[in-house]
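Trainee: I should like to study this structure with you, one question at a time.

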Amino acid sequence: MSRGFVKEEDQEEAPVIPPRAALPVGATNYVTPLGFEALENEKHDLERERTKLPEDNETEKRRAQAVIDGKLKLLAERRASARIIYPNQQPEDEVRFGAKLKLKNHSNGSIQEFQIVGVDEADVKKQKIAFVAPIARAVTGLKIGDTTEFKLGNETRTLEILEITY
């Protein structure tokens, strides 16, 4: 049939599914127990949202359903690849996945605190940094009192580990 005889509203565009947080190719999808619980909660929330879609507009319902289904598919892939790391099983004296750190930036004297978490858990506002972030990679394996050089743009900062907790 010629496109001239097709109604415009029949020409739906595929919905845009927002991507999940980036996980480098080949990287293991490490998550904390709380991070895995958050993935489970997200799944239940999406499933609940799917059952409550409005029935009055079939086109809108179909689009919303497609977005939710796309999110659920991406979430299922992320959940299936998750490897839970229990922070209490990490070496207490060494920076590893799940560690809560207190660092001193010797370049300006500031103190910085954050936890190293999975990519889906990362939230700078909550002081949670993904394990693939450059600063997390720079301090992984260090112990209290150790220092490292961390390059940020044209600036090189000297960071000292002050405290490690799990």
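The questions below concern one helix, the nonpolar cores and the largest pocket.

Mentor: Please note that this is a predicted model, in which local features need pLDDT of at least 70 and side-chain atom pairs count only at pLDDT 80 or more, while totals for chains, interfaces and linings use all residues. Residues are numbered from 1 along each chain as its sequence is written, and side-chain values use heavy atoms, with hydrogens and water left out.

Trainee: Why are the buried residues of α1 on the same side of the helix?

Mentor: Helix α1 (helices are DSSP runs of H or I, at least four residues, and strands runs of E, at least two, numbered from the N terminus) covers residues 33-51. Its buried residues (under 20% relative accessible area with a 1.4 Å probe, protein chains only; exposed is over 50%, partly exposed in between) are Gly35, Leu39 and Leu46. They lie on the same side because they cover an arc, taken from the directions from the helix axis to the C-beta atoms, of only 55 degrees.

Trainee: Against which elements do the buried residues of α1 pack?

Mentor: The face turned away from the buried side carries the exposed residues Leu34 and Thr51. The buried residues of α1 pack, by contact (heavy atoms within 4.5 Å), against β1 (29-31) and α2 (58-81).

Trainee: How many residues has the largest nonpolar core?

Mentor: A nonpolar core is a set of buried Ala, Val, Leu, Ile, Met, Phe, Trp, Tyr and Cys residues joined through side-chain atoms within 4.5 Å. In the largest one, Val95, Leu101, Leu103, Ile116 and Val139 have the most contacts inside it, and its number of residues is 22.

Note on methods: The expected span of a helix is 1.5 Å times one less than its number of residues.
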